[in-house]
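These are my notes on the model, set out as numbered points. They can be read alongside the sequence and coordinates.

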Amino acid sequence: MKKLFLVCILSFLICRITTGQTQIIAHRGFWKTEGSAENSIAALVKADSIGCYGSEFDVWMTKDEKLIVNHDPVIYGKSIQQTSARRITRTKLSNKERIPTLEQYLLKGKELKTKLILELKAHSSPKRETLAVEKIIEMVKSMELEDRMEYISFSLHAIKEFIRLVPKDTPVFYLNGDLSPKELKEIGCAGADYHFNIYKKNPEWITECRQLGLKTNVWTVNKANDMKWLIDRKVDFITTNEPLVLQQVLK
Ligand code: MG
């Protein structure tokens, strides 16, 4: 009986060690490499090719209510929300790829293994955010990608809409840093996805999240020393522009 108890404890500890390692999320894909660019399909493929747990990307809805992948709200003086998708997707990224539609992006993602960490940008009205969330969820469902998705946003409205509409247990993380772990739990978030400085100011939030069964993600951490500080505190995910540096630090 005593032996069995010891075996159980040992298995539990091994499980904690092997599953407890901080995971890497490539911020806007792995773009700091040849032939890549932020939020390009190439960056998604490259993040997958180096074994990242996930690849983050940004989504906007155009004037004609199409979803596209880009970070900035304005492209060459044109607001994405006030411009048609046809015009936006004519624009080329620095690697000569055209700005991808969400559909094109997810189609490539379907061929890969990396998790698709979709950030919905804060839009001009709650109504537009709700519509964008509905369209995203519908597209993901039709492409059978539901178990590959995680959703993030700075907009609390968008977060609540994702939580309301995604299949149960789909991870949804809030980015803005102004809610405590307890408040995140209450609204149904999977955890905190906060800026590095927020955790520096509130290091106890990492432990509190763990105690509440919430995950911790941190952005955007590019220096080895900062990565070490966070890994020592056992955060679940680090979002970085330097996935190769993080791989080295984790070794
Ligand atoms: Mg982003």
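**Cysteines, metal site and packing**

1. Cys-189 counts as buried, at 5% relative accessibility. Please keep in mind here and below that the model is a predicted one. Cys-209 is likewise classed as buried, with a relative accessibility of 1%.

2. Are these cysteines bonded? A search over the whole structure returns zero disulfides. Cys-189 takes part in none, and the nearest cysteine sulfur to it, that of Cys-209, lies 9.8 Å away. Seen from Cys-209, the closest cysteine sulfur is the one in Cys-189, and 9.8 Å is too far for a bond. The cut-off for a disulfide is a pair of cysteine sulfur atoms within 2.5 Å.

3. Which residues hold the magnesium ion? Its protein donors are Glu-56 (OE), Asp-58 (OD) and Glu-119 (OE), at 2.0 to 2.1 Å from the ion. Along the chain the donors are spaced as E-x1-D-x60-E. The pair Glu-56 and Glu-119 links distant parts of the chain, 63 residues apart: Glu-56 sits in strand S2 (residues 54-61) and Glu-119 in strand S6 (residues 115-120). Both of these glutamates are buried. Since water is not among the atoms, the site may look incomplete.

4. Lys-121 deserves a separate entry. This lysine is placed in the loop between S6 and helix H5 (126-142). Is Lys-121 buried or exposed? Its relative accessible area is 10%, so Lys-121 is buried. Apart from neighbours within four places in sequence, Lys-121 is in contact with Asp-58, Val-59, Trp-60, His-71 and Glu-129. Of these contacts, Asp-58 is also named among the protein donors of the magnesium ion.

5. In helix H6 (residues 156-165), the residues Ala-158, Ile-159, Glu-161 and Phe-162 are buried. Because they cover an arc of only 165° around the axis, they lie on the same side of H6. The elements that cover the buried residues of H6 include S6, H5, strand S7 (149-153), strand S8 (172-174) and helix H7 (181-187).

6. Helix H11 (residues 243-250) can be read in a similar way. Its buried residues are Pro-243, Leu-246, Val-249 and Leu-250. Viewed down the axis of H11, they fall within an arc of 115° and therefore line one face of the helix. An α-helix has 3.6 residues a turn, so residues three or four places apart point the same way. The packing partners of the buried residues of H11 are strand S1 (23-26), helix H10 (224-232) and strand S11 (237-240).

7. On the chain as a whole, the secondary structure comes to 11 helices and 11 strands. For 251 residues, a compact globule would have a radius of gyration near 18 Å, and the 19 Å of the chain agrees with that. Taken along the principal axes, the C-alpha atoms fill a box of roughly 70 × 40 × 35 Å.

8. Burial, contacts and surface complete the note. Of the 251 residues in the chain, 47% are buried. Among contacts between residues at least 6 apart in sequence, 54% join residues at least 24 apart. The accessible surface of the chain is about 13200 Å², and 54% of that surface belongs to carbon and sulfur atoms.

Methods:
Residues are numbered from 1 along each chain as its sequence is written. This is a predicted model: local features need pLDDT of at least 70, side-chain atom pairs count only at pLDDT 80 or more; totals for chains, interfaces and linings use all residues. Side-chain values use heavy atoms; hydrogens and water are left out. Donors are N, O and S atoms within 2.8 Å of the metal (3.2 Å for Na, K and Ca); water is not among the atoms, so sites may look incomplete. Helices (H or I, at least four residues) and strands (E, at least two) are DSSP runs, numbered from the N terminus. Buried means under 20% relative accessible area, exposed over 50%, partly exposed in between (1.4 Å probe, protein chains only). The arc is that of the directions from the helix axis to the C-beta atoms. Contact means heavy atoms within 4.5 Å. The radius of gyration is taken over C-alpha atoms; the globule rule is 2.2 Å times the number of residues to the power 0.38. Accessible areas come from the Shrake-Rupley method with a 1.4 Å probe; for residues, only the protein chains shown count as cover.
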